[in-house]
Amino acid sequence: MDNCIFCKIVAKQIPATVLYEDDELMAFNDINPAAPVHFLIIPKKHLSSLADAKAEDAVLLGKMLELAPKLAAQQGCAYVEHADGSKTGGFKTVVNTGPNGGQIVYHLHMHVIGGVKL
């Protein structure tokens, strides 16, 4: 997509603080963070929104969800269940879809937000 800012980040035409990258996904810090930890996980394949995902995208979507807690832990937001039953840490994942869902950039992306009690 010629005008997609996230496609331009994937193509290295726009700089970003990249936290993770493989053949299918990229994760980078949000330029307008809502919390001390706020990064995005995007597929390199352009999908305009979650509503555009098809059955063949299921593995890719699962990979995004699997990556979120790993990167959150690396960024200091690990969710931990302690031996005494107490729980600490954690993060929130958000996928905005469409204008009524708060989507601003029309390239599927998952926000991972943490570092504060939400």
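Let us start in a loop: Gln 103 sits between strand E6 (91-94) and strand E7 (110-114). The model we are walking through is a predicted one. Although Gln 103 belongs to a loop, this residue counts as buried, because its relative accessibility is 6% and the cut-off for buried is under 20%. What does the side chain of Gln 103 reach at 2.8 Å? The partner is the backbone nitrogen of Gly 98. Leaving aside residues up to four places away in sequence, Gln 103 touches Ser 48, Ser 49, Asn 96, Thr 97 and Gly 98.

From this loop we can step over to the sheet. Five strands make up an open sheet with antiparallel pairing, and their order is E1-E2-E3-E7-E6. Which strands stand at the edges? They are E1 (18-21) and E6, and because each has a single partner strand, one side of each is left without a neighbour in the sheet. Ignoring direction, neighbouring strands of this sheet are turned by 15 degrees against each other on average.

Now follow the pairings across the sheet. E1 pairs with strand E2 (residues 25-29) in the antiparallel sense, over three bridges. Within this part of the sheet, Glu 21 has Met 26 in E2 as its bridge partner. Helix H2 (residues 58-74) packs on the sheet, where it touches E1, E2, strand E3 (37-43), E6 and E7. The direction of H2 makes about 155 degrees with that of E3. Moving on, E2 and E3 run antiparallel and are joined by five bridges; here Phe 28 has Leu 40 in E3 as its bridge partner. E3 in turn pairs with E7 in the antiparallel sense, again over five bridges, and the bridge partner of Val 37 in E7 is Gly 114.

Strand E3 deserves a pause. Seven of its seven residues are buried, so E3 is largely enclosed by the rest of the structure. In a regular strand, side chains alternate between the two faces of the sheet. Which residues of E3 point which way? Val 37, Phe 39, Ile 41 and Pro 43 point one way, while His 38, Leu 40 and Ile 42 point the other way.

One of these residues, His 38, leads us to E7. His 111 is found in strand E7, and its side chain is joined to that of His 38 by a polar contact of 2.8 Å. Is His 111 buried or exposed? With a relative accessible area of 12%, His 111 is buried. Beyond the residues up to four places away in sequence, His 111 touches Asp 30, His 38, Phe 39, Leu 40, Lys 92, Thr 93, Val 94 and Asn 96.

Next, look at the nonpolar interior. The largest nonpolar core has 16 residues, and those with the most contacts inside it are Leu 25, Phe 39, Ile 41, Met 64, Leu 71, Met 110 and Val 112. E2, E3, H2 and E7 each supply at least two residues of this core. Which element gives the largest share? That is H2, with six residues. Met 110 offers a good view of the surroundings: not counting residues up to four places away in sequence, it touches Phe 39, Leu 40, Ile 41, Met 64, Leu 65, Ala 68, Thr 93, Val 94 and Val 95. There is also a second, separate core of nine residues, which includes Phe 6, Met 26, Phe 28 and Leu 40.

Two members of that second core, Phe 6 and Phe 28, bring us to the aromatic rings. The count of aromatic pairs comes to one. The rings of Phe 6 and Phe 28 have their centres 5.5 Å apart and their planes at 70 degrees, so the pair is edge-to-face. Because Phe 6 lies in helix H1 (residues 5-10) and Phe 28 in strand E2, the pair ties together parts that are 22 residues apart in sequence. Phe 6 counts as buried at 6% relative accessibility, and Phe 28 is buried too, with a relative accessible area of 3%.

Our last stop is Lys 12, in the loop between H1 and E1. Its phi is near 65 degrees, a positive value in a residue other than glycine.

Terms used. Residues numbered from 1 in each chain as written. Predicted model: local features only at pLDDT ≥ 70, side-chain atom pairs only at ≥ 80, totals over all residues. Heavy atoms only, no water. Helix = DSSP H or I, 4+ residues; strand = E, 2+ residues; numbered from the N terminus. Buried < 20%, exposed > 50% of the residue type's maximum accessible area, 1.4 Å probe, protein only. Polar contact = N/O pair within 3.5 Å; in protein donor to acceptor, adjacent residues only side chain to side chain. Contact = heavy atoms within 4.5 Å. Pairing = 2+ DSSP bridges. Axes fitted to C-alpha atoms, helices over the stretch in contact; angles between N-to-C directions. Phe/Tyr/Trp six-rings, centres within 6.5 Å; stacked < 30°, edge-to-face > 60°. Core = buried A, V, L, I, M, F, W, Y, C linked by side-chain atoms within 4.5 Å.
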